[in-house]
Amino acid sequence: MFKIGSHVGMKSPDMLVGSAKEAHSYEANAMMIFTGAPQNTRRKDVSDMNIPAGIELINEYGINDIIGHAPYIVNLGNTTKPESFEFGVKFLQDEIKRCDALGIQALSFHPGAHVGAGPEAAINKISEGLNEVLTTDQKVLIAIETMAGKGTEVGINFEQLASILDKVTLNDKLAITFDTCHTSDAGYNIKDDFDGVLNEFDHLIGIDKIATVHLNDSKNPQGSHKDRHENIGFGEIGFETMNYIAHHPQLENVPKIMETPYVKRNDDDKKGIAPYKEEIAMLRANKFDPELKNKLIENN
């Protein structure tokens with residue numbers, strides 16, 4: 001089955017019900033949610049997330065895969081501020097409980113940044129944190145994300161990701177989120193040699209460790225370390241490669257989640273128009289529509 005979806009919101013008062021309805025409106029059979037705002041760690045109690053009604057709709061709509069995403073500000077790699085590390089550990093312990101309650105199968109997680117201490121120090125600290133966080137009875141996988149390498153990020157190559165996995169005791173509770181934009185921006189030749197990149201990943205980590213693919217085109221060329229997503233087919237990676245990855249036989253059972261930008265009507269448009277229904281349709285049809293952005297604007 002072709003598993004495709006996007007990030008969707010989860011806001012009061014509808015919460016998970018609203019997430020399911022949004023994903024269904026895009027004709028998606030997978031979706032990704034944050035348990036709260038991506039930029040902060042304020043979270044509602046699970047009793048306020050409208051979970052039973054949401055799960056009922058998810059099943060009715062045939063949404064078979066629910067991915068989560070941890071907030072961006074959690075940084076287990078910070079060795080200079082013990083309070084940041086301790087906060088991150090406590091937040092992730094609570095987040096795992098929320099994910100299990102919501103039926104989230106994998107939580108995409110930015111591993112962190114070394115903030116000047118060097119990648120090795122951060123990798124050791126991240127592994128230490130994950131060893132504190134993970135439990136044998138949790139259901140959700142922590143899916144460490146491939147990173148673009150902006151600032152002092154770690155997880156910017158497969159060796160660093162493999163090192164984190166190797167240092168964690170409950171390795172079976174870890175997985176990888178393979179972000180196409182990030183991996184290209186980190187320097188891997190996603191555009192012209194995806195099979196070669198995937199083979200390298202398989203050799204160092206194992207394809208079976210990929211829990212989800214973040215299917216994002218990139219505004220910047222390979223190796224730019226910028227991390228700026230672009231709509232499918234409109235970026236430096238291009239539709240041919242994006243479509244190839246989406247339908248790759250070795251990733252058939254892996255949900256592909258798009259985090260592509262909303263299309264802006266003009267420079268004053270703060271929110272824009274969600275492109276996901278149209279992008280999903282393009283990928284299902286295996287055909288690029290160069291007028292997608294213009295059509296969205298004309299029709300909305």
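Pro-13 sits in the loop between strand 1 (4-7) and helix 1. In this predicted model, a cis peptide bond joins Ser-12 and Pro-13, with omega about 0°. Met-15 lies in that loop between strand 1 and helix 1 as well. Its phi is positive, about 55°, although Met-15 is not a glycine. Most residues other than glycine have a negative phi, and most peptide bonds are trans. The loop that leads into helix 1 thus holds two backbone features to note: the cis bond between Ser-12 and Pro-13 and the positive phi of Met-15.

Helix packing was examined next. Two packed helices are described by the angle between their axes and the distance between the axes. Helix 1 spans residues 16-25, and helix 2 spans residues 51-61. Their axes come within 7 Å and cross at roughly 20°. Angles under 35 degrees count as roughly parallel, and helix 1 is therefore roughly parallel to helix 2. The crossing of helix 1 past helix 2 is left-handed. On the helix 1 side, the contact is made by Leu-16, Val-17, Ala-20, Lys-21 and His-24. Helix 2 contributes Ile-51, Ala-53, Gly-54, Ile-55, Leu-57, Ile-58 and Tyr-61. By class, the residues of this contact are nine nonpolar, two polar and one charged.

Helix 3 (residues 82-102) and helix 4 (residues 119-133) form another packed pair. Their axes come within 9 Å, and the crossing angle is roughly 40°. Helix 3 is therefore oblique to helix 4. Here the crossing is right-handed. Phe-85, Val-89, Leu-92, Gln-93 and Ile-96 represent helix 3 in the contact. They meet Lys-125, Glu-128, Gly-129, Glu-132 and Val-133 of helix 4. Five of the contact residues are nonpolar, two are polar and three are charged.

Helix 5 (residues 158-167) packs on helix 7 (residues 194-204) at an angle of about 25°. The two axes are 10 Å apart. This angle makes helix 5 roughly parallel to helix 7. The pair crosses in a right-handed sense. From helix 5 come Phe-158, Glu-159 and Ala-162. Their partners in helix 7 are Val-197, Glu-200, Phe-201 and Leu-204. The contact of helix 5 with helix 7 has five nonpolar and two charged residues, and no polar ones.

Pockets were then considered. The largest pocket holds about 1000 Å³ of space. Its lining comprises 44 residues. Among these, His-7, Val-8, Gly-9, Pro-38 and Tyr-262 lie nearest the pocket centre. Helix 1 and helix 9 (276-285) are the elements that give two or more residues to this lining. The lining of the largest pocket divides by class into 15 nonpolar, 14 polar and 15 charged residues. Helix 1 therefore appears in two settings: it packs on helix 2, and it helps to line the largest pocket.

The second largest pocket encloses about 150 Å³ of space. It is lined by Glu-278, Ala-281, Met-282, Lys-287, Asp-289, Leu-292, Lys-295, Leu-296, Asn-299 and Asn-300. Two elements, helix 9 and helix 10 (292-299), each give two or more residues to this lining. Helix 10 supplies the largest share, four residues. By class, the lining of the second largest pocket has four nonpolar, two polar and four charged residues. Helix 9 gives residues to the lining of the largest pocket and also to that of the second largest pocket.

Key:
Residues are numbered from 1 along each chain as its sequence is written. This is a predicted model: local features need pLDDT of at least 70, side-chain atom pairs count only at pLDDT 80 or more; totals for chains, interfaces and linings use all residues. Side-chain values use heavy atoms; hydrogens and water are left out. Axes are lines fitted to C-alpha atoms, for helices over the stretch in contact, and angles run from 0 to 180 degrees between N-to-C directions. Angles under 35 degrees count as roughly parallel, over 145 as roughly antiparallel, 65 to 115 as roughly perpendicular and the rest as oblique. A crossing is left-handed if the near helix is turned anticlockwise from the far one by less than a right angle, and right-handed if clockwise. Contact means heavy atoms within 4.5 Å. Ala, Val, Leu, Ile, Met, Phe, Trp, Tyr, Cys and Pro count as nonpolar, Asp, Glu, Lys and Arg as charged, and the others, Gly among them, as polar. On a 1 Å grid over the protein atoms alone, a cavity is a set of points where a 1.4 Å probe fits but cannot get out, and a pocket is an open set with protein on both sides within 12 Å along at least five of seven lines; lining residues have an atom within 4 Å of a point. Grid points are joined across faces, edges and corners, and a volume is the space filled by probe spheres set on the points.
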